[in-house]
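Got the model open in your viewer? Let's walk through it one selection at a time.

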Amino acid sequence: MTKIGFIGTGLMGIPMAQRLIDAGHSVTAYNRTAAKLESLTGAALASSASEAIAASECIVLMLTNAQAIQETLLAEPSVLRDRTVIQMSTIAPDESRSIRDQVVSAGGNYLEAPVLGSIPEARSGKLIVMVGAELEEFEKWRSLLQIFGENPILLGSVGSAATVKLALNQLIGSLTSAFAASLGLVLRQNVDVESFMKILRQSALYAPTFDKKLQRMIDRDFENPNFPTKHLQKDIGLFIETARSSNLETVSVEGVQEILDQAISENLSDLDYAALFAIVCPDR
């Protein structure tokens, strides 16, 4: 049994923390909005991040962004001595390396382990876990990471997993906005949607995410999100910043960002990111 501090119990954090508890680990949980801890069963509840860290050998982070990490994990760096931080949020590679340096300076150890998947995969332990770490740290914590996903993938040093996570989330935004445009055209031109989908499913153009979002878009039902629009907007912004720093042309992704920005301005922030369909194909 490992003593684990879990900081950040939002949509993904709750089922991930619950899996650790159900696997027999001792979990001390902290969330800045205490009400979000209410559905967690079997955890000790901390009144501060520092309290959760002090009670733990390992700290798992599932926070919104790097700023939230600075304000919680790094508020009292001295408490990190001899602790291992496993950072699982989606942040930029430079941000991850900076946090690593601060953790190491405080006497702790650091791994990044962002995940691909949403709430159903988090509940079932079928997330894809990407790791940026030294081999020794990866091997030490592999069995814990396997609670979230059976085959954690070591991609290289810190920053590598954060990079791959942004690359994948960019595809979430681009594929979804592209599908929204195609579906919107089919609907506007009164073509049978299932005939369109039948052709698409048989082609090399198909991605399973299309069917996952199809009914939400048709029904314009974006409630109960697995991944809110505001989080995708944040990740697309991080991708663009990181890509520009790597001397990449980002004009196509900037179009996706504009759609998401408009969705945020129209109060779709907390709805499923399929809500970008409402911008691409406005209701009339």
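Start by selecting helix H4, residues 93-105. Its 13 residues, at 1.5 Å a residue, should span 18 Å, and the end C-alpha atoms are indeed 18 Å apart, so the two agree. The expected span here is 1.5 Å times one less than the number of residues, and helices (H or I, at least four residues) and strands (E, at least two) are DSSP runs numbered from the N terminus.

Before going further, some housekeeping: this is a predicted model, where local features need pLDDT of at least 70 and side-chain atom pairs count only at pLDDT 80 or more, while totals for chains, interfaces and linings use all residues. Residues are numbered from 1 along each chain as its sequence is written, and side-chain values use heavy atoms, with hydrogens and water left out.

Now show side chains on H4. Which of its residues are buried? Pick Pro93, Ser96, Ile99 and Val103; buried means under 20% relative accessible area, exposed over 50%, and partly exposed in between (1.4 Å probe, protein chains only). These four cover an arc of only 125° around the axis, which puts them on the same side of H4; the arc is that of the directions from the helix axis to the C-beta atoms. Spin to the face turned away from the buried side and you'll find the exposed residues Asp94 and Ser105.

What do the buried residues of H4 pack against? Add helix H3 (66-72), strands S5 (84-87) and S6 (109-112), and helices H7 (160-188) and H10 (229-245), with contact meaning heavy atoms within 4.5 Å. Just after H4, stop at Gly107, which has a positive phi of about 95°.

Next, keep H7 and H10 on screen. They pack at an angle of about 120°, with axes 9 Å apart. That makes H7 oblique to H10: angles under 35 degrees count as roughly parallel, over 145 as roughly antiparallel, 65 to 115 as roughly perpendicular and the rest as oblique. Axes are lines fitted to C-alpha atoms, for helices over the stretch in contact, and angles run from 0 to 180 degrees between N-to-C directions. On the H7 side, the contact residues include Leu166 and Asn169; on the H10 side, Asp235 and Phe239 are among them.

Zoom in on Asp235, in helix H10. Is it buried or exposed? At 2% relative accessibility, Asp235 counts as buried. Leaving aside neighbours within four places in sequence, Asp235 is in contact with Thr90, Leu166, Asn169 and Phe227.
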